[in-house]
Amino acid sequence: MKADQRDVLTGVYYIDGDVASGYGALAAGCKFIAGYPITPSTEAAEAFARIAPKGGAMFIQMEDELASISAIVGAAWAGAKTMTITSGPGYSLMMETIGYGAMLETPFVLLNIQRGGPSTGVPTKTGQADMMQARWGSHGDYELIAIAPDSPQELFDHTIKAFNLAEKYRCPVMIMADECVGHMTEKVVIPRAEEIELEPRRWYTGPPDEYIPFKPDEDLVPKMVKAGSGHKLFISGRLHDERGYPVDNEHFELKYVRRLIDKIMCNKDKIIELKEEQLDDADVVVVSYGISSRVAVRGIEMAREKGIKVGNLRLITVWPFPDERITELAKKVKAFVVPEINYGQVVFDVARCCHGNANVVLVPHGGAGVHMPDDICDAILLGAKEERKIEKVIEFKTQLEKLVFKGGSKLKE
Amino acid sequence: MQTPKTNQQKKIQVDSSSMDRIHPMENVLRMDRIPHIWCPGCGIGLAVTAFAAALEKAEIDLSKIVIVSGIGCTGRVAGYVKLDSFHTTHGRAIAFATGIKVANPDMKVVVFSGDGDLIAIGGNHFIHAARRNIDMLVVCVNNFIYAMTGGQVAPTTPLTAYATTCPFGCVEPPFNIPYLADSSGAVYVARWTTLHVRRLTNAFVEALNKKGFSVVEAISPCAQYYSRINRLGDGLDMMRYYHDNAEIRNGEDTKNLDIDFQGKIIVGKFIDRERPSYTDRYNEWLSKVKGGENEPG
């Protein structure tokens, strides 16, 4: 299915990532965004509100984030492609309904322009500390998809990608961008509508009486209908059977919740997108995502200039995590270097997948700023130099840390 | 003194054709989910009966109506009504329903939930949906307590009444729901008890035909938790209390509708006015935008 011409603002733009995402949502056929203003994500909502009427879409500013995400889940069941836009504190407020969306197998997209945290944190500056929240934030077992764009162009492209994944797997998809990418202004090329491929909703088309709301197809994803189409749906966040009726026993917990996980995990190969560079001869691999991957590129260049064989593995899809690929690489390389704008989140998944076969170096960075390429380069050198197998994640001491703590934090010494 | 009937006599009284007859509300109830979970003496079933009767009376197209509930005893209503029905997270029924209504304005939307769900955890959505005048009917079954969780104090618990989390009596004044709805902008506000089944049904019919944010408060006995901890007897005793203390005052100023512990309950239709709904305003705005009349700021 191709994009609708009315929704696609074909052309070459010089816009920031937030705006690009708003344009991407419309191009993806998003007809409804509910949001609540929060820095640094507001530009995306503003951009969408401005262009929405053109594409027959609408933006509604709700009274809070709880309402915003509830409204988009409702709108998704009314048949619309929907998205909400938020950051840090708003993201925390949305957690309960993200789980609800996963339980109901509702396709929707959530754009999180991450800022420095915790709490109100650093509203106007960057962070990547919501990555584990994206993975585990709502209570109970479920799986969803999270992608991390690293440029305004990708915020456009990946917003469309997020909608496609949401429709295909009927699950919430998180766009885990960060303030740097959201506020970065770059060239964005919006192609013609016929060049944009969209995933249609998995509509059920059989006789209404035979519709079973949660009966999965072969790829474990069930077909959907919308409210008002005569199916007399009953949809509940309670543990339910295939009809959607509440059930209270471990057999159904196993059968149903297991499928929520399996429909993502069994389709991992189709979902995961990675960008790999210079991995063939690499001794050290930098694993990064979002803005950190842009900084890493320079760090890698610097290390290569010093003769280190270092490759780059960029996580475009962060969740589900590419376990097998990391495990495979760990058998070949000496070390992984993971720069993140947090004090260690995705790095522990890299370490988990290494099974002790390679060292893992974390290059941490607090919110409100990005890494120095020199730090990433030095961390690569450290990883290349270390001949011993270190059992725990090696925490690289950045220049900033040395400066602030005059040689190192007391607690760690 | 009446002699007890023998089994034989009872059998004769049963109309054999009744076995083939369907339940009169089978077209709007999910019979495969009956029996329901509500306790003996509970009033929620009466509110559902009134609602089911109203659907028939209002001649609503049952495929174009959606019912949304939150969490709690009344939150279970969506699961027993054979319409497109959604059981949402706690407090978010109105927000969820707002999404349905604005994404598909052809739908008739009903939110059927309890006082805790709509007025405490969902209070913000209640006032904002009223302010926007989203076209929906909100049925608030008010039993003065959190019953599903075992009888904790609610924002509707009358002052001095007992609840498990205020074992020495409630110290907080309760919300006056019609006043809250009225001052937030609702276009139709009524309150009845579940004793007033006929009037409650009529209120539902009127509200279903009303365009805009309509609120019907249905005061309902909780014979297990509210009644027991306050020594108020069983469900029938609470009905008797409604019978003796409910006073019909249609058009009464909503300011005067506070409910004291075992005091008078003023019931009636209080508000019935016209205000453009969200969808009306939005469509008017949209035609101006599309006609180039409204330029972006």
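The exercises below work through a predicted model of chains A and B.

**Exercise 1. The contact between the chains**

Task: Describe the contact between chain B and chain A. How many residues come from each chain, and how many salt bridges are counted?

Solution.
Step 1. Start with the residues. Chain B gives 41 and chain A gives 39.
Step 2. Turn to the area. About 3,200 Å² is buried between chain B and chain A. Carbon and sulfur atoms give 59% of that area.
Step 3. Count the polar links. There are 17 residue pairs in polar contact, both residues at pLDDT 80 or more. The salt bridge count is one.
Step 4. Identify the salt bridge. R132(B) and E63(A) meet through their side chains, at 2.8 Å from N to O.
Step 5. Place the chain B side. The elements giving two or more residues are α3 (77-80), β2 (84-87), α4 (93-103), α6 (123-132) and α11 (278-290) of chain B. The largest share comes from α4(B), with seven residues.

**Exercise 2. An acidic side chain in chain A**

Task: Locate D178(A). Which side chain of opposite charge is nearest to D178(A), and which backbone nitrogen lies 3.2 Å from a polar atom of its side chain?

Solution.
Step 1. Find the element. D178(A) sits in strand β8 (residues 172-178) of chain A.
Step 2. Look for a charged partner. D178(A) is buried and has no salt bridge. The nearest side chain of opposite charge is R294(A), at 9.0 Å. A salt bridge needs the nitrogen and the carboxyl oxygen within 4 Å.
Step 3. Look for a backbone partner. The nitrogen of I291(A) fits, at 3.2 Å from a polar atom of the D178(A) side chain.
Step 4. List the surroundings. Beyond four places in sequence, D178(A) contacts I113(A), Q114(A), T126(A), G127(A), Q128(A), G290(A) and I291(A).

**Exercise 3. A lysine in chain A**

Task: Examine K263(A). Is K263(A) buried or exposed, and where is it found?

Solution.
Step 1. Place the residue. K263(A) belongs to helix α8 (residues 250-265) of chain A.
Step 2. Check the accessibility. K263(A) counts as buried because its relative accessibility is 1%, and the cut-off is under 20%.
Step 3. Find the polar partner. A polar atom of the K263(A) side chain lies 2.7 Å from the backbone oxygen of R170(A).
Step 4. Read off the contacts. Leaving out residues up to four places away in sequence, K263(A) touches E105(A), Y169(A), R170(A), C171(A), D219(A), L220(A) and V221(A).

**Exercise 4. Two helices of chain B**

Task: Analyse α7(B) and α8(B). How many residues of α7(B) are buried, and what covers the buried residues of α8(B)?

Solution.
Step 1. Count in α7(B). This helix spans residues 177-184, and six of its eight residues are buried. They are I177(B), P178(B), L180(B), A181(B), D182(B) and S184(B).
Step 2. Find their packing partners. These are α5 (115-121), α6, β4, β7, β8 and β10 (265-272) of chain B.
Step 3. Check both ends of α7(B). At the start, a side-chain oxygen of N176(B) comes within 3.1 Å of the backbone nitrogen of Y179(B). Just after the helix, G185(B) has a positive phi of about 120°.
Step 4. Move to α8(B). Its twelve residues, 197-208, reach 16 Å from first C-alpha to last, close to the expected 16 Å.
Step 5. List its buried residues. They are L200(B), T201(B), A203(B), F204(B), V205(B), A207(B) and L208(B). Their cover includes α2 (44-57), β1 (65-69), β3 (108-114), β4 (136-142), β7 (188-193) and β8 (213-219) of chain B.

**Exercise 5. Backbone features in loops**

Task: Inspect four loop residues. Which peptide bond leads into P118(A), and where does Q278(A) lie?

Solution.
Step 1. Take the prolines. G117(A) and P118(A) are joined by a cis peptide bond, with omega about -5°. P118(A) is in the loop between β5 (108-116) and β6 (122-126) of chain A. The bond from W319(A) to P320(A) is also cis, with omega near -5°. P320(A) is in the loop between β14 (317-319) and α11 (323-330) of chain A.
Step 2. Take Q278(A). Its phi is positive, about 55°, although it is not a glycine. Q278(A) lies between β11 (274-277) and β12 (284-288) of chain A. At 44% relative accessible area, Q278(A) is partly exposed.
Step 3. Take E59(B). Its phi is near 55°. E59(B) lies in the loop between α2 and β1 of chain B. With a relative accessible area of 71%, E59(B) is exposed.

Key. Residues numbered from 1 in each chain as written. Chains lettered and ligands numbered in written order. Predicted model: local features only at pLDDT ≥ 70, side-chain atom pairs only at ≥ 80, totals over all residues. Heavy atoms only, no water. Helix = DSSP H or I, 4+ residues; strand = E, 2+ residues; numbered from the N terminus. Buried < 20%, exposed > 50% of the residue type's maximum accessible area, 1.4 Å probe, protein only. Lys, Arg positive; Asp, Glu negative; His and termini not counted. Polar contact = N/O pair within 3.5 Å; in protein donor to acceptor, adjacent residues only side chain to side chain. Contact = heavy atoms within 4.5 Å. Expected span 1.5 Å × (residues − 1). Buried area = accessible area lost by both parts, 1.4 Å probe.
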